[in-house]
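Visitor: I am new to this structure, and I would like to be led through it with a few questions.

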Amino acid sequence: DTHTTVPLAYDYAPSESSEYVASFLAKIFAKIADLLGLPSWIPAQIIIDKHDGLRLALEEFSSEVSIVLCHFHMYRAIACQIRTISGLYHLPMHPVINGERYPFPETKEAQQVMAAFKLVRLARTKEEFEGRKAGFLLTTLPQLFRHDEGCLKVSKYFLDHWFDDTWLKTWCHFLLRDSASNDLNVSTNNNIESSWRVLSKT
């Protein structure tokens, strides 16, 4: 209830493949269950980066864990893709400095896309989601990217990597609100990651 993050363990693995993640989770969950005096234990929710290895490991480990995508990594991935597509099709890009909330290279165009996408993410019902999704793809993106091929590329990126069933359930509010997510008030893993960076430098 305090939304305070407490690192329980770190794993220095060769990669974030599902093989290494699954092995790490099995050991940690078993250790926590032992400390609690329980036969088994799994968390109600885990926040992850947008990485297939992490998601697959959790899905294979247990269907009872609610997987939530870290909002920071969500927006960083989108901003990166917008920059890439804009460069590919020579679309206008206006760099901005936004180091407090999103400390990564960003553009005005990416901010506008992220603001519009956030409205889709916060939809409260399936009907509201479908309406906002349609508006995002058919109205917002064409208005922001007045370039047919560039706009098509951006739309395809969202359809393939965000609106697909694989990832949709990890970021769309109306699909997550019934889970033990505290209404998604805890939505980033950056505090834990920052503690790891401090530890790794010592």
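Guide: Phe-117 and Trp-171 are both buried, meaning under 20% relative accessible area with a 1.4 Å probe and protein chains only. The model is predicted, so local features need pLDDT of at least 70 and side-chain atom pairs pLDDT 80 or more, while totals for chains, interfaces and linings use all residues. Residues are numbered from 1 along each chain as its sequence is written, and side-chain values use heavy atoms, leaving out hydrogens and water.

Visitor: How many aromatic pairs does the structure hold?
Guide: Rings of Phe, Tyr and Trp (its six-membered ring) pair if their centres lie within 6.5 Å, with planes under 30 degrees apart counted as stacked, over 60 as edge-to-face and the rest as tilted. By this rule the number of aromatic pairs is 14.

Visitor: Which kind of pair do Phe-117 and Trp-171 form?
Guide: Phe-117 lies in helix 4 (residues 108-121) and Trp-171 in the loop between helix 7 (165-168) and helix 8 (173-176), so the pair ties together parts that are 54 residues apart in sequence. Helices here are DSSP runs of H or I with at least four residues, numbered from the N terminus. With 4.7 Å centre to centre and 40 degrees between the planes, the pair is tilted.

Visitor: Which residue lies over the face of Trp-162?
Guide: Trp-162 belongs to one aromatic cluster, whose members include Phe-158 and Phe-163. A charge sits over a ring if NZ of Lys or CZ of Arg is within 6 Å of the ring centre and within 35 degrees of the ring normal. At 4.8 Å from the ring centre of Trp-162, the residue is Lys-50.

How values were computed. Helices (H or I, at least four residues) and strands (E, at least two) are DSSP runs, numbered from the N terminus. Buried means under 20% relative accessible area, exposed over 50%, partly exposed in between (1.4 Å probe, protein chains only).
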